[in-house]
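Student: Could we go through this structure piece by piece, with the terms explained as they come up?

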Amino acid sequence: MRILFLCHGFNSLTQRLYVELMERGHEVSVEFDINDAVTVAAVELYRPDLIIAPYLRRAIPETVWRRHVCLVLHPGIPGDRGPSALDWAIMDGAARWGVTVLQANGELDGGDIWAHAEFPMRDARKSSLYRNEVTEAAVTAMLVAVERFAGGGFVPQPLDYRDPGVAGRARPLMRQTGRRIDWQHDDSETVLRKIRAADGAPGVEDEILGEGYLLFDACAEDSLGGPPGAIIARRDGAVCRATRDGAVWIGHLRRIDLRAETFKLPAVRALGAAADRVPEVSAGPGSSTYREIRYEEEAGAGFLYFDFYNGAMDTAQCQRLLDAYRQACARPTRVIVLFGGRDFWSNGIHLNVIEAAESAADESWRNINAMNDLAHAVITTPSHWTISALRGNAGAGGVFLALAADQVWARSGVVLNPHYRSMGNLYGSEYWTYLLPRRVGAQQAESVTGNRLPLGAAAALRLGLIDAHFGRDEEEFRSAVRERALRLAADPSLHAMLARKQSRRVQDEAVRPLQAYRKEELEHLRMNFYGFDPSYHVARYHFVHRVPHSWTPLHLARHRRLDWIAAPESHPADQA
Ligand code: COA
């Protein structure tokens, strides 16, 4: 079928549905929700069989939903309505939650139900639930709905609150007054729940040392404590704040300033000089504390976790990870698994920290070189078999960093964006000019980086970008990776595998030294950072400030491309 996505942005859930539908042979084009006239024009141009709204913040124009079936994804169980669905589910401590596919009509979230799917809730940030459980349930429910539509004859269920299967209800927008933390009275669990329900947007409004901030990225702490509300410790960019019965870590803050545009930053950085007096406390043996980098070891295999918020890696984080990697290499193990973070494996250099730097160009340069040092260390590891195990998505330099390992395994639901150009024509580094063609060939390397589209795990495997994908969810993937890694570590042929990789490295180095790839990539980047064309700096500004789209890029809006030829309609355009 010809399917049009109407969406606020091409976010991770939208990308996942896009790759799943394309994988099933559908043609999908994307139009961002700019205004009603643009939406109507896109529908007229594309004449879709079906319209899907995976992530929309406004109602679909009546002229569109009256003439076309529009399936809207709502991140709530049947009957749930309103713009703060997940926020309420977290705040209420719901044991189960779900997603519902509704047909757009005049009532927001009140349309007939085509499909729904449920999942058990997890103690996690809203953004993490959205990128994992909600996304998986959305794929399940949307594929059922699309099949029902394609099959014809399915009659969606009108929303009926008398139906015992309809357990949700209409809830209002959750306001800051309902999210407010009372540091004198709230216990740690309540504080965590409030911050998690507001992550990654809108955050919880609060005051720290007399200034207004939005709080994000909360993590439990099980041994520190102090006067409720006091900032008692800092670690790796995060601050620890005492509660009535303990403390919580806060990783990221956004300063509230009515006179200036602000954006999210690591907490210590956002607090500036005010954080100087806060003591740096290293992570003790406590089971719950803030730890971005974690190493575990078992029977000849080392597992390195690096859970950087949003997958963004600033210069210091790259350096800390390089230290941890070197320590892992010094261990008497034979396999190292790079486990990344749960939500993102890596999204490359830290654009927010760069934006906040005195010289964005200098900080970009430092950051990319720190990423390169890390990639270099992985590429040139002679002693261990290395595996990048992608539990979460990866984008831009994060994908190429993953390719530095000997093997790349991904969770089956992972989406990769192996390209840089959307960031103001950024050339990119991380030795991608060496790593990508050696996996997929020069021609495919050109199209993967040039067409700027997301790749699902199945397509990435076909292309040779990754070596395997498995696991329906993070737990299943992690435990399968562990088993495979332990088997490898005990495999007598590992010795020969290591010898082969060392000789290939020697041969590759003789053909063209790694330094030559790095130098050439950095020459391009020097132009991106310091040259006359400001595209990268402008794109980064827009990205960091979350500036709404004013048009849909042509690589997504295929109906607006001159080379797009409409296939014969497989369905009557007018369904109503
Ligand atoms: N630096 C800083 N923040 C980043 C980031 C980066 N490299 N990559 C993602 N983020 C942040 C986003 O700002 C967003 O923040 P929020 O918590 O305020 O919402 C969050 O991570 C999620 O990103 P989003 O774009 O909403 O996620 P997505 O899953 O829809 O898209 C990407 C994933 C990778 C396609 C997209 O985030 C992206 O293009 N990132 C930039 C990649 C890049 O150009 N890196 C630099 C070159 S190496």
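Tutor: Four strands form an open sheet of mixed pairing, in the order 16-18-20-21. Helices (H or I, at least four residues) and strands (E, at least two) are DSSP runs, numbered from the N terminus, and two strands pair if DSSP finds at least two bridges between them. This is a predicted model, in which local features need pLDDT of at least 70, side-chain atom pairs count only at pLDDT 80 or more, and totals for chains, interfaces and linings use all residues. Residues are numbered from 1 along each chain as its sequence is written, and side-chain values use heavy atoms, with hydrogens and water left out.

Student: Which strands stand at the edges of this sheet?

Tutor: An edge strand here has a single partner strand, so one of its sides is left without a neighbour in the sheet. The strands in that position are strand 16 (344–346) and strand 21 (455–456).

Student: Which residue of strand 20 stands opposite Gly-395?

Tutor: Strand 18 (residues 393–395) pairs with strand 20 (residues 415–417) in the parallel sense, over two bridges. Opposite Gly-395, in strand 20, stands Asn-417.

Student: Which strands of the sheet does helix 1 touch?

Tutor: Contact means heavy atoms within 4.5 Å. Axes are lines fitted to C-alpha atoms, for helices over the stretch in contact, and angles run from 0 to 180 degrees between N-to-C directions. Helix 1 (residues 12–23) packs on the sheet with its direction at about 105 degrees to that of strand 20, and the strands it touches are strand 18, strand 20 and strand 21.

Student: Is helix 1 parallel or oblique to helix 5?

Tutor: The axes of helix 1 and helix 5 (residues 126–151) come within 10 Å and cross at roughly 40 degrees. Angles under 35 degrees count as roughly parallel, over 145 as roughly antiparallel, 65 to 115 as roughly perpendicular and the rest as oblique. Helix 1 is therefore, with respect to helix 5, oblique.

Student: How many nonpolar residues are in the contact of helix 1 with helix 5?

Tutor: The residues that meet include Leu-13 and Leu-17 in helix 1 and Val-139 and Met-142 in helix 5. Ala, Val, Leu, Ile, Met, Phe, Trp, Tyr, Cys and Pro count as nonpolar, Asp, Glu, Lys and Arg as charged, and the others, Gly among them, as polar. Besides two polar and four charged residues, the number of nonpolar ones is ten.

Student: Are the rings of Trp-114 and Phe-154 stacked or tilted?

Tutor: A search of the whole structure finds 20 aromatic pairs. Rings of Phe, Tyr and Trp (its six-membered ring) pair if their centres lie within 6.5 Å, and planes under 30 degrees apart count as stacked, over 60 as edge-to-face and the rest as tilted. The rings of Trp-114 and Phe-154 have centres 5.4 Å apart and planes at 40 degrees, so the pair is tilted.

Student: How many residues apart are Trp-114 and Phe-154?

Tutor: Trp-114 is in strand 6 (residues 113–120), while Phe-154 is in the loop between helix 5 and helix 6 (176–179). The pair links distant parts of the chain, and the separation in residues is 40.

Student: What is the handedness of the crossing of helix 9 and helix 11?

Tutor: Helix 9 (residues 315–329) and helix 11 (residues 360–379) pack at about 15 degrees, with axes 8 Å apart. That angle makes helix 9 roughly parallel to helix 11. A crossing is left-handed if the near helix is turned anticlockwise from the far one by less than a right angle, and right-handed if clockwise. The crossing of helix 9 and helix 11 is left-handed.

Student: Which residue is the bridge partner of Phe-5 in strand 3?

Tutor: Another open sheet of mixed pairing has six strands in the order 2-1-3-4-5-6. Within it, strand 1 (residues 2–7) and strand 3 (residues 50–55) run parallel and are joined by four bridges. The partner of Phe-5 in strand 3 is Ile-52.

Student: Where does Gly-200 lie?

Tutor: Most peptide bonds are trans. The bond joining Asp-199 and Gly-200 is cis, with omega about -15 degrees. Gly-200 is found in the loop between helix 7 (188–196) and strand 7 (204–208).
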